[in-house]
Amino acid sequence: MGKINISISVALAMILLSGCFKPILLAEGAENVEVIRESIPQGNCKKLGEVEGYSKDISGIASLKNIKTSAINDLKNNAFALGGDTVSIIDSSGGFRNAGGSMINTGFGFGYVASNSTGEYHIQGVAYKCK
């Protein structure tokens, strides 16, 4: 009986942790939104407004690359919802915080951290209609 209870506890813990990070997927049509780093896009573009992208993992199981990709998808979805086809990034930040709240320096795009860490990525941009 003891082994069954432990197995059930482990299975429940895995199910709960796996639900803590849900990648943000691109909405239909948002895959065509171009993300640029120039402050103002080239050409005849109409400014539509500011947009944000945000993603967070409280389980500590997602890589910063996956969290960043979800935040970019969120940014593109929000720009597309305004009718935009281009987003100029104004600011971005991300990383991991341990249970005590201090930032863990991992560098962008790679790395796994302990399960008591929270990973997050935030991007701010301006949506434009250029095409």
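This report walks through a predicted protein model, with most of the attention on helix α2 and the residues around that helix.

**Ground rules**

The model is predicted, so local features need pLDDT of at least 70 and side-chain atom pairs count only at pLDDT 80 or more, while totals for chains, interfaces and linings use all residues. Residues are numbered from 1 along each chain as its sequence is written, and side-chain values use heavy atoms, with hydrogens and water left out.

**The overall picture**

The protein has two helices and five strands. Here helices (H or I, at least four residues) and strands (E, at least two) are DSSP runs, numbered from the N terminus. Going along the sequence, they come in the order α-β-β-α-β-β-β.

Of the 131 residues, 34% are buried; buried means under 20% relative accessible area, exposed means over 50%, and partly exposed is in between (1.4 Å probe, protein chains only). The protein exposes about 8000 Å², and carbon and sulfur atoms supply 57% of that area. Accessible areas come from the Shrake-Rupley method with a 1.4 Å probe, and for residues only the protein chains shown count as cover.

How do the contacts spread along the chain? Among contacts between residues at least 6 apart in sequence, 83% join residues at least 24 apart. A contact here means heavy atoms within 4.5 Å.

**Helix α2**

Helix α2 covers residues 64–81, which is 18 residues. At 1.5 Å a residue the helix should span 26 Å, and its end C-alpha atoms are 25 Å apart, which agrees. The expected span is 1.5 Å times one less than the number of residues. After the helix comes G83, whose phi is positive, near 95°.

Which residues of α2 are buried? They are L64, I67, S70, A71, N73, D74, L75, K76, N77 and A79. As background, an α-helix has 3.6 residues a turn, so residues three or four places apart point the same way.

**Two buried charges**

K76 and D74 are the charged residues to look at here. For the bookkeeping, Lys and Arg count as positive and Asp and Glu as negative; His and the chain ends are not counted. A salt bridge is a side-chain nitrogen of Lys or Arg within 4 Å of a carboxyl oxygen of Asp or Glu.

K76 sits in α2 and is buried, yet has no salt bridge. How far away is the nearest side chain of opposite charge? For K76 that is E31, at 8.1 Å. A polar atom of the K76 side chain does lie 3.5 Å from the backbone oxygen of V33. Not counting residues up to four places away in sequence, K76 touches L26, A30, E31, V33 and V35.

D74, also found in α2, is buried without a salt bridge too, and the nearest side chain of opposite charge is K76, 13 Å away. With the same sequence neighbours left out, D74 touches I24, E52, G53 and Y54.

**Two asparagines on the helix**

N73 belongs to α2 and counts as buried, at 13% relative accessibility. Leaving aside neighbours within four places in sequence, N73 is in contact with I24, L25 and L26. N78 is in α2 as well, but is partly exposed, with a relative accessible area of 31%. Apart from residues up to four places away in sequence, N78 touches V51 and E52.

**Away from the helix**

S93 is in strand β3 (residues 86–97) and counts as partly exposed at 41% relative accessibility. Outside its neighbours within four places in sequence, S93 is in contact with E120, Y121 and H122. E38 lies in the loop between β1 (34–36) and β2 (46–57); at 42% relative accessibility, E38 is partly exposed.

Each of these four residues can be paired with a partner further along or back in the chain:

| Pair | Separation in sequence | C-alpha to C-alpha distance |
|---|---|---|
| N73 and S55 | 18 residues | 9.3 Å |
| N78 and E52 | 26 residues | 7.1 Å |
| S93 and Q124 | 31 residues | 9.2 Å |
| E38 and I90 | 52 residues | 8.6 Å |

Terms used
A polar contact is a pair of N or O atoms within 3.5 Å; within protein, one must be able to donate a hydrogen and the other to accept it, and residues adjacent in sequence count only if both atoms are side-chain atoms.
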